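Please take the sequence and the coordinates together, and follow the account below from the enclosed spaces outward to the backbone and the whole chain.

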Amino acid sequence: MTGGNAEHPLRRTFSELMHLRMLPLVAPPFRVRQWLLLQNGPVRDATRDWLAGIGAPAEALDKGRFERRDGDATRIWEQHTEFATITELLSDDADDLIPDSPWLDGLPGAVFRSIEVVVAPRGAPAPDPAQFDPARLVSAFVFDGAARIWSDYSLKAEGAGRIWIEDLALANDEPARLVQTLLEVGNYRKLALLGFPEARGLLPWLSEAEDRHASLARALTAPDGDDEALLGALTRLATEVEDRAAAIRFRMGATFAYQRLTLDRLHSLRETRIAGYSGPTEFIERRLLPAIRTCEVVERRLTDLSERIARTCNLISLRQGLALERQNQAILTNMNRRADLQVRLQQLVEGFSVFALSYYVLGLLGYVLKPFGDKDHGAAYWMAMATPAVLALVWLGLTLVKRRVHTEVDP
């Protein structure tokens, strides 16, 4: 009941989400066979046609799950982000491997994993040793001792792996949950390894790229180095690094996510070690973690190389900036020197201007005084007497004019 409030559109979706990816509740003995198919690229339309071919409703593709009972078998199709699974469940304890599902025909993708899980009832005899490689046999109590599992994590002649479970005290939905957990452990473990070939294939190029960067970094110390050429080479190297990083970013992220899911599912097994046997956690971690560490190292080296290239580019830019600053300082020094020279020339010109104007004024004054001269004191005498005064007046006049001009320019 929601009263008078409207129901959130995702309420029932999230409620149903809590029960997705679950196997039907079946009491031992029963067997489960699962196929995992990798689906790269656009497969939605092909999957829709395939679902129609097996009689699934139109909304099955949106839900990502379709389940149907066919005689003694229950078949389940589930769609995940980059893979799909077909799971078949039979309520018997036959020793023969469940044959390939008829649903495999036409489903887009390549089979990446195939596994059969046999759940034997309480008191059933131990599995036939011929089913497993004794050198690789893995066995442990799980679910706090409620069951014991056997496997060797290897493909049989039929092209599928096998896990054998002895029910010791499983109750309620524990058989289905145990089988689901073991299926997910194997699926996520194998999916996590998809990043390992890409990481390992990148190691030779990565070592060569690190050597190239080291060589370019050493070239920075050369006194006659060409900064423009170095910067161009570093830019090309940085582009290559970013291209490689972008190409593996999704795969590395998925690898680390699958690894965490694998470890989470192993933890939920709550296993107890049996003397003389490796447990699933020990066996899987010993083989999975080295591949994950390789992926982590490659991702870390790519990130570190990108950062070192950026620092080297910054050093070149800093050196270019310092060189440019020195050039600017030299230009400013030359400009100051030229300005000082111009001021001195201006002062010299002003001095000559005083004499030139004074000479012109005295010439005019000579014409004025010449008619008034006498025999004792001619015009030349009066002009000589007036010369100091004319020079002083002209200098004073020019000084006042220059000061007024400076006041108008810089008020």
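**Two cavities and the helix beside them**

The second largest cavity is lined by Met-22, Leu-23, Gln-34, Arg-65, Ile-76, Glu-78, Thr-87, Gln-180 and Leu-183. Two elements, strand 3 (73-79) and helix 4, each contribute two or more residues to that lining. The model in which this cavity appears is a predicted one, and the space that the second largest cavity holds comes to about 50 Å³. Sorted by class, its lining consists of 4 nonpolar, 3 polar and 2 charged residues.

The count of cavities of 30 Å³ or more is 2, and the largest cavity has a volume of about 80 Å³. Its lining is made of 11 residues, and those that lie nearest the centre are His-80, Gln-180, Glu-184, Asn-187 and Tyr-188. Gln-180 is thus named in the lining of the largest cavity and is also listed for the second largest cavity. By class, the 11 residues around the largest cavity divide into 3 nonpolar, 5 polar and 3 charged.

Which element gives the most to the lining of the largest cavity? Helix 4 does, with 5 residues, while strand 4 (83-90), like helix 4, supplies at least two. Helix 4 therefore deserves a description of its own, given that buried means under 20% relative accessible area: by that cut-off, 17 of the 19 residues of helix 4 are buried, and the helix is mostly covered. Helix 4 runs through residues 174-192, and the distance from its first C-alpha to its last is 26 Å, which is close to the 27 Å expected at 1.5 Å a residue.

**Backbone details in the loops**

Away from the cavities, three places in the backbone invite a closer look at the torsion angles. The peptide bond that leads from Pro-28 to Pro-29 is cis, its omega being near 5°, and Pro-29 is found in the loop between helix 1 (11-17) and strand 1 (30-38).

Asn-172 is a residue other than glycine, yet its phi is positive, near 55°. Asn-172 belongs to the loop that lies between strand 8 (161-167) and helix 4. Is this residue buried or exposed? Asn-172 counts as exposed because its relative accessibility is 77%, and the cut-off for that class is over 50%.

Arg-270 is likewise not a glycine and has a positive phi, in this case of about 50°. The loop that holds Arg-270 lies between helix 6 (227-268) and strand 9 (272-273). With a relative accessibility of 34%, Arg-270 counts as partly exposed, so the class assigned to Arg-270 is not the one assigned to Asn-172.

**The protein as a whole**

These local features can now be set against the complete chain. The protein has 8 helices and 9 strands, and of its 411 residues, 37% are buried. Among the contacts between residues at least 6 apart in sequence, 73% join residues that are at least 24 apart. The protein exposes about 24,400 Å², and 58% of that area is supplied by carbon and sulfur atoms.

Notes
Residues are numbered from 1 along each chain as its sequence is written. This is a predicted model: local features need pLDDT of at least 70, side-chain atom pairs count only at pLDDT 80 or more; totals for chains, interfaces and linings use all residues. Side-chain values use heavy atoms; hydrogens and water are left out. Helices (H or I, at least four residues) and strands (E, at least two) are DSSP runs, numbered from the N terminus. The expected span of a helix is 1.5 Å times one less than its number of residues. Buried means under 20% relative accessible area, exposed over 50%, partly exposed in between (1.4 Å probe, protein chains only). On a 1 Å grid over the protein atoms alone, a cavity is a set of points where a 1.4 Å probe fits but cannot get out, and a pocket is an open set with protein on both sides within 12 Å along at least five of seven lines; lining residues have an atom within 4 Å of a point. Grid points are joined across faces, edges and corners, and a volume is the space filled by probe spheres set on the points. Ala, Val, Leu, Ile, Met, Phe, Trp, Tyr, Cys and Pro count as nonpolar, Asp, Glu, Lys and Arg as charged, and the others, Gly among them, as polar. Contact means heavy atoms within 4.5 Å. Accessible areas come from the Shrake-Rupley method with a 1.4 Å probe; for residues, only the protein chains shown count as cover.
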